[in-house]
Amino acid sequence: MLSSHDGLWTIGELAERAGVSVKTVRFYSDRGLLPEASRSSGGHRRYAPDAAERLSLIRSLRGLDLPLAEVRRVLDEQDAGGAGDVLEDAVAGRLRAIGSELAALRWREAALRLVRECPPAERPARLRLVGAITTPPSTASLARFWRSWLPPRMPARSVAAFLERAVPHPPDDPRPGQVLAFARLHAFVTRPCGGSGPCQPGVHGAAGPRGSSVLYAGLDLAYGLAGGELRRGAEPRPGEALDGFVDAYAGAYGARDTPAFRRLLAGRLAADPRVDGYWELTAEVITAPGSRPEPTPGSAHDWLLGALDADLGRRPGKAGAASRRP
């Protein structure tokens, strides 16, 4: 019931109608979200009946945990007769924030289970290992590792394409084993190459920036084809994937794909430094528990080396192709 004949409500009446405290009405009113229609002769606030609907909207928006600044933008758009784009953007932004919070909680839960389930003597080491990564985890250290490993002055587009394939995306709902693998991956890249020996393959020095771009574009295609073979469980064999693999190196070295070049390439690749540990951990991170290991550039590279060996085994004069690992 209204306390006056002018159709306006007192702050107490509005609070009672909306089911909130007078303090809540005063809070939103003082911040300009709930305008007063007038003041009484005694200086008391008076509100129009539509203030109840506006207050209900404010409470709904705040119930979604939207900050006051976002609530103000939504109300301003409504007052201007807008189409609701601001509300849509605000809700989408809040959903993204909640998704990030949930991902962090899932990683924290999996990390805690990882520590709880290991033998007591191993817990301090596990704590140090998982404590070195953020939640949700950042892949920045992995990207830095590969940026330092790739040839200098390589085009940014080529670098981005390689990083997309080489840097694993942590799962949103990890198992403890995946958290452990990612933590070990972070530890691996923070001490690249173990501090000894060359980190980069010899072709980096020979190809130059332009040749490196051609090389990695070709390797990307070859690794994709080899990944398909790995998913099918196919044994390494000559074919389209191997031809693309050899062509990529031939282009980088300014050579032609000949039997002699294939023998030379097998020897050079066998002598290159390797980062097998990185790819093994990457496969653990991206593979769902109980599933066949997901292909990585490392496993694709090994499959292609096996295909190269198989191809050379069919040809005469295969010396120099026997060693697949340094």
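Here a colleague asks and a modeller answers about one predicted model.

Colleague: What kind of model is this, and how are residues numbered?

Modeller: The model is predicted: local features need pLDDT of at least 70, side-chain atom pairs count only at pLDDT 80 or more, and totals for chains, interfaces and linings use all residues. Side-chain values use heavy atoms, leaving out hydrogens and water, and residues are numbered from 1 along each chain as its sequence is written.

Colleague: Which residues of helix 8 are buried?

Modeller: Helices are DSSP runs (H or I, at least four residues), numbered from the N terminus. Buried means under 20% relative accessible area, exposed over 50%, and partly exposed in between (1.4 Å probe, protein chains only). Helix 8 covers residues 156-166, and its buried residues are Ser158, Val159, Phe162, Leu163 and Ala166.

Colleague: Why do these buried residues lie on the same side of helix 8?

Modeller: An α-helix has 3.6 residues a turn, so residues three or four places apart point the same way. The arc is taken from the directions from the helix axis to the C-beta atoms. The buried residues of helix 8 sit on the same side because they cover an arc of only 135°.

Colleague: Which residues are exposed on the other side of helix 8?

Modeller: That side contrasts with buried residues such as Phe162. The exposed ones are Ala156, Arg157 and Glu164.

Colleague: How many salt bridges does the structure hold?

Modeller: Side chains of opposite charge can pair when their charged atoms come close. A salt bridge needs a side-chain nitrogen of Lys or Arg within 4 Å of a carboxyl oxygen of Asp or Glu. The number of salt bridges is 19.

Colleague: Is arginine 262, which forms a salt bridge with aspartate 257, buried or exposed?

Modeller: The closest N and O atoms of this pair are 2.8 Å apart. Aspartate 257 is partly exposed, at 30% relative accessibility. Arginine 262 has a relative accessibility of 5%, so it counts as buried.

Colleague: Which residues do shared salt-bridge partners join into one network?

Modeller: One pair in it is glutamate 36 with arginine 39, whose closest N and O atoms are 2.9 Å apart. The network is made of Asp30, Glu36, Arg39 and Arg45.

Colleague: Which residues touch the most other members of the largest nonpolar core?

Modeller: A nonpolar core is a set of buried Ala, Val, Leu, Ile, Met, Phe, Trp, Tyr and Cys residues joined through side-chain atoms within 4.5 Å. The largest has 58 residues. Those touching the most other members are Trp146, Phe245, Tyr249 and Tyr278.

Note on methods:
Helices (H or I, at least four residues) and strands (E, at least two) are DSSP runs, numbered from the N terminus.
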